[in-house]
Amino acid sequence: MAAAYLALQFAYSALLKHLVILDALAIAIGFVLRAVAGAVVIGVPISHWLLVDMTLLALFLALSKRRHELVLLANGATDHRPILGEYSPTCSTR
């Protein structure tokens, strides 16, 4: 688990944080890996529902964080984090 988490962090720092949606997925996977590692450490079985719920909650948190940064920083968002230029602060259904 630790090796997978470290590999994910290196991949995020080097490449994934510059790719739309993959940056949020990498953050979500990091949360899930930490939850799985906790279950392994205390020796409890990992439910499929735990993995699904953790993944969806982590994606929600990561995408909400991106949206919050985008709204809060407005025109200076891309100076803070260039990938924010690829995200939209509004939900479009078109």
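**View 1. Helices α2 and α3 pack against each other at about 140°.** Here α2 covers residues 22-42 and α3 covers residues 48-73, with the two axes 8 Å apart. Helices in these legends are DSSP runs (H or I, at least four residues; strands are E, at least two), numbered from the N terminus. Axes are lines fitted to C-alpha atoms, for helices over the stretch in contact, and angles run from 0 to 180 degrees between N-to-C directions. The model is predicted, so local features need pLDDT of at least 70 and side-chain atom pairs count only at pLDDT 80 or more, while totals for chains, interfaces and linings use all residues. Residues are numbered from 1 along each chain as its sequence is written, and side-chain values use heavy atoms, with hydrogens and water left out. The angle makes α2 and α3 oblique to each other (under 35 degrees would be roughly parallel, over 145 roughly antiparallel, 65 to 115 roughly perpendicular, and the rest is oblique).

**View 2. Here are the side chains where α2 meets α3.** On the α2 side you'll find Asp 23, Ala 24, Leu 25, Ile 27, Ala 28, Phe 31, Val 32, Ala 35 and Val 36. Facing them from α3 are Leu 51, Met 54, Thr 55, Ala 58, Leu 59, Ala 62, Leu 63 and Arg 66; contact means heavy atoms within 4.5 Å. Sorted by class, this contact has 14 nonpolar residues, one polar and two charged. For the sorting, Ala, Val, Leu, Ile, Met, Phe, Trp, Tyr, Cys and Pro count as nonpolar, Asp, Glu, Lys and Arg as charged, and the others, Gly among them, as polar. The crossing of α2 and α3 is right-handed (near helix turned clockwise from the far one by less than a right angle; anticlockwise would be left-handed).

**View 3. Helix α1 packs on α2 at an angle of about 165°.** α1 runs over residues 2-14, and its axis sits 10 Å from that of α2. That angle makes α1 roughly antiparallel to α2. This crossing is left-handed. From α1 come Ala 4, Tyr 5, Leu 8 and Tyr 12, and from α2 come Asp 23, Ala 26, Ile 27, Ile 29, Gly 30, Leu 33 and Arg 34. The class tally for α1 with α2 is eight nonpolar, one polar and two charged residues.

**View 4. Ile 21 sits in the loop between α1 and α2.** Its phi is positive, about 65°, although Ile 21 is not a glycine. Ile 21 is partly exposed, at 42% relative accessibility (buried is under 20% relative accessible area, exposed over 50%, partly exposed in between, with a 1.4 Å probe and protein chains only).

**View 5. Ser 13 and Leu 61 are each shown with a partner residue from α2.** Ser 13 belongs to helix α1 and is partly exposed at 45% relative accessibility. Its C-alpha lies 9.6 Å from that of Asp 23, 10 residues away along the chain. Leu 61 belongs to α3 and is partly exposed too, with a relative accessible area of 41%. Between the C-alpha atoms of Leu 61 and Ala 24, 37 residues apart along the chain, the separation is 8.8 Å.

**View 6. Pulling back, the protein chain has four helices and zero strands.** The elements run α-α-α-α from the N terminus on. Of its 94 residues, 22% count as buried.
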